[in-house]
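Work through the exercises below with the sequence and the 3D structure at hand. Each task is followed by a solution in steps.

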Amino acid sequence: MAVVFCPSFLFLFSSLLLLILAAFPQVRSGDAEALLSLKESIDPLGVLQWRGGIDVCKWEGVKECLNERVMKLVVEGFNLSGKLDGKSLNQLDQLRVLSFKENSLSGQIPELSGLANLKSLFLNDNRLSGGIPVSLSGLHRLKVVVLSGNRISGLIPLSLVDLSRLYVLYLQDNQLSGAIPPLAQNSLRFFNVSNNLLSGEIPKTAPLVRFNSSSFSGNVGLCGEQIRRQCSFGPSASPSYPIVPPKDFMHRKRNKKLILIVVLSVGGFALLCIAAVLLFMCLRKTGKEKEARNKVVARGGDEGAPSGVGSAGRDDSSAGGKRGSFSWDQGGEGLGSLAFLGPGDQLMSYSMEDLLKASAETLGRGTMGSTYKAVMESGYIVTVKRLKESRYPRMEEFRRHIEILGRLRHPNLVPLRAYFHAKDERLLVYDYFPNGSLFSLVHGSKSAGGSKPLHWTSCLKIAEDLAAGLVYIHQNPGLTHGNLKATNVLLGSDFESCLTDYGLTPFRNPDSHEEPGASSLFYRAPECRDPRRPSTQEADVYSYGVLLLELLTGKTPFQDLVQDHGSDIPKWVRSVREETTTESGDDHSSGNEASEEKLNALVNIAMACVCVAAENRPAMKDVLRMTREARAEVHVSSNSSDHSPGRWSDTVQSLTREDHSSI
């Protein structure tokens with residue numbers, strides 16, 4: 001039987017089909033057209049070598065791609081003299097990182113509402129003018145905003161308080177006016193609005209209180225506690241963003257006269273009585289606090305944990321997770337002061353008293369002492385290392401060595417900011433790194449299902465970071481790290497690898513009865529496993545090789561790798577990676593010749609470092625050179641960037657912070 005279609009039915013069917021197709025976004029094959037359109041506006045002199053018909057992922061400045069979509073566009077220092085085209089930029093909707101810093105771009109910053117995936121925006125050191133687009137507050141994944149060194153004017157948008165993941169906000173050296181918004185994001189760690197035309201009171205929100213005066217300097221109209229400038233609320237004062245609703249403010253103003261009448265009606269005798277009672281209570285409270293500070297309350301035995309409020313006074317074998325407040329012996333001199341080390345560290349807006357009141361969480365414990373996360377009342381967080389058994393009997397020796405460590409500043413070192421010493425107390429204060437440790441990255445959280453080798457590109461990035469940090473330490477005669485291991489490598493704001501607990505081995509007590517764990521012991525070179533032997537730079541090279549093998553295999557060194565595997569280490573590394581690949585279904589080596597070549601390069605570097613004879617190990621500067629040569633070959637053959645914060649954040653944010661074992 002023949003089927004006859006009604007014309008009206010065909011019309012309805014075709015219309016419905018068109019509607020369905022229109023409802024789904026079309027899949028774009030690439031971003032070449034958008035980039036070429038962008039080039040016309042930003043590059044009138046033809047500096048960028050962008051051409052049609054070529055793979056967009058190989059163009060200058062395109063650092064990372066996925067399915068021909070640009071994820072990381074970094075065009076820095078090209079002296080581009082055009083203007084930003086918002087229409088073209090918004091078509092690059094897969095961008096995670098966008099950087100046009102250190103050019104000569106002019107005009108306004110366009111609306112960027114189409115960049116919903118953007119995490120980092122760098123437009124600093126250009127000639128941009130106009131205002132900050134309000135659309136930035138709609139990019140909810142945005143973490144880093146750097147607009148410093150331009151000619152941007154107008155208000156700082158109040159809507160920036162809606163960026164819940166904001167980590168860096170740099171707006172210094174512009175022409176911004178008005179008040180500072182009451183930013184309250186706990187994620188905010190880097191902030192600077194200096195050298196603008198801002199006015200009014202600096203908000204007292206927890207994140208803004210933690211920043212010192214250098215973040216606000218050069219704004220004549222600003223006042224507030226952070227810059228120690230009292231606010232004037234007269235007619236000439238510039239308003240801040242209102243914290244109290246206007247209706248409530250007017251209500252309080254109307255009641256002001258009534259309150260004044262009530263106060264004046266109170267008799268002088270009653271007022272004197274109240275004042276006397278308050279004075280008595282304050283004197284009594286001050287006396288108790290002074291007495292408590294002069295007591296020896298740190299009775300944690302060998303644990304060396306801080307005694308404090310509630311049950312957090314004892315530190316037991318479980319180490320991590322204990323909470324309390326710091327309290328320790330101040331000697332007969334009462335409350336001492338922190339000694340800040342770096343040239344800018346003296347501007348830190350916290351004191352020894354703030355640290356004394358901070359809540360403490362134990363991160364780890366070792367043969368020399370314990371490490372704590374200290375959260376101050378202002379919300380500022382630091383890491384405090386409490387040395388338990390200092391080898392130095394004299395404070396002058398301790399001070400001299402710590403000041404050497406405090407002068408070390410490198411992108412791959414966790415900076416030592418301050419120290420405290422009393423008769424029987426040694427404290428070191430470092431920056432707090434919320435992204436966790438390299439141990440967490442490799443081995444996962446305690447609840448996760450086991451360790452996992454890292455991809456060779458990740459291994460290369462980490463290897464270069466660690467080598468660069470060690471080379472910087474070794475440039476100082478006689479200085480070593482002395483305790484390199486995965487828990488002593490922390491992940492920075494861009495998930496770069498940063499060394500911590502460096503240079504502390506001179507404080508190790510050789511007569512201590514507390515032995516290091518097997519893992520810590522086998523990171524050490526054979527000649528330095530006796531605690532009475534001083535650490536050497538050659539021993540650091542050995543530890544580096546062991547750590548590199550840990551990255552490649554996911555295996556913590558609970559045995560002597562050289563003794564157990566010897567010359568078969570390359571074979572062992574491959575077997576472990578193949579076994580993990582088979583079990584998980586992941587391909588860590590990608591199965592091609594380039595991947596195999598890079599894996600061989602990493603294994604060869606590790607093999608040279610773990611040589612039993614110390615004199616046969618390469619110097620750290622040679623290790624860094626070999627690592628950079630391997631990475632340079634990777635960049636020639638591949639466009640993917642290992643430096644993108646997004647590459648690391650997805651891995652690290654799924655992990656809980658591991659305990660940071662100390663020496």
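**Exercise 1. Describe the open sheet of 4 strands: its order, its pairing and its edges.**

Step 1. The order of the strands is β8-β10-β12-β13, and the pairing is parallel. Strands (DSSP runs of E, at least two residues) and helices (runs of H or I, at least four residues) are numbered from the N terminus. Two strands pair if DSSP finds at least two bridges between them.

Step 2. The edges are β8 (153-155) and β13 (221-223); each has a single partner strand, so one side of each lacks a neighbour in the sheet.

Step 3. From one strand to the next, the twist averages 30 degrees. Such angles are taken between N-to-C directions, from 0 to 180 degrees, with axes fitted as lines to C-alpha atoms.

Step 4. Look at one edge in detail. β12 (residues 197-201) pairs with β13 in the parallel sense over 3 bridges. Gly200 has Leu222 of β13 as its bridge partner.

**Exercise 2. State what kind of model this is and which parts call for caution.**

Step 1. The model is predicted: local features need pLDDT of at least 70 and side-chain atom pairs count only at pLDDT 80 or more, while totals for chains, interfaces and linings use all residues. Residues are numbered from 1 along each chain as its sequence is written, and side-chain values use heavy atoms, with hydrogens and water left out.

Step 2. The protein chain has an average pLDDT (the predictor's confidence in each residue, from 0 to 100) of 75, and 67% of the residues score at least 70. Over residues 234-239 the pLDDT is below 50, and this stretch has 5 contacts in the model beyond near neighbours in sequence. A contact means heavy atoms within 4.5 Å.

Step 3. Residues 289-322 also have pLDDT under 50; the model gives this stretch 69 contacts beyond four places in sequence. Where pLDDT is low, the predicted coordinates should not be read in detail.

Step 4. For the overall picture, the protein chain holds 18 helices and 22 strands. Of its 663 residues, 48% are buried, where buried means under 20% relative accessible area, exposed over 50% and partly exposed in between (1.4 Å probe, protein chains only).

**Exercise 3. Trace the open sheet of 7 strands, starting from β1.**

Step 1. The order is β1-β2-β3-β5-β7-β9-β11, with mixed pairing. At the edges stand β1 (62-66) and β11 (190-192), each with a single partner strand, so one side of each is left without a neighbour in the sheet. Neighbouring strands are turned by 15 degrees against each other on average, direction ignored.

Step 2. β1 and β2 pair in the antiparallel sense over 4 bridges, and Leu66 has Arg69 of β2 as its bridge partner. The two strands form a hairpin with 2 residues between them, and Asn67 in the turn has a positive phi of about 55 degrees.

Step 3. β2 (residues 69-74) is mostly covered, with 6 of its 6 residues buried. β2 pairs with β3 in the parallel sense over 3 bridges; there, Val74 stands opposite Ser99 in β3.

Step 4. β3 (residues 97-99) runs parallel to β5 (residues 120-122), joined by 3 bridges. Leu98 stands opposite Leu121 in β5.

**Exercise 4. Is Asp540 buried or exposed, and what does Asp540 touch?**

Step 1. Asp540 belongs to helix α13 (residues 537-553). Its relative accessible area is 1%, so Asp540 is buried.

Step 2. Not counting residues up to four places away in sequence, Asp540 touches Leu470, His474, Thr480, His481, Gly482, Leu484 and Ser535.

Step 3. A polar atom of the Asp540 side chain lies 2.7 Å from the backbone nitrogen of His481.

**Exercise 5. Place Val429 in its surroundings.**

Step 1. Val429 is found in strand β20 (residues 425-431). With 0% relative accessibility, Val429 counts as buried.

Step 2. Leaving aside neighbours within four places in sequence, the contacts of Val429 include Leu338, Tyr350, Val382 and Pro415.

Step 3. Val429 and Pro415 are 14 residues apart in sequence, and their C-alpha atoms are 8.9 Å apart in space.

How values were computed
Polar contact = N/O pair within 3.5 Å; in protein donor to acceptor, adjacent residues only side chain to side chain.
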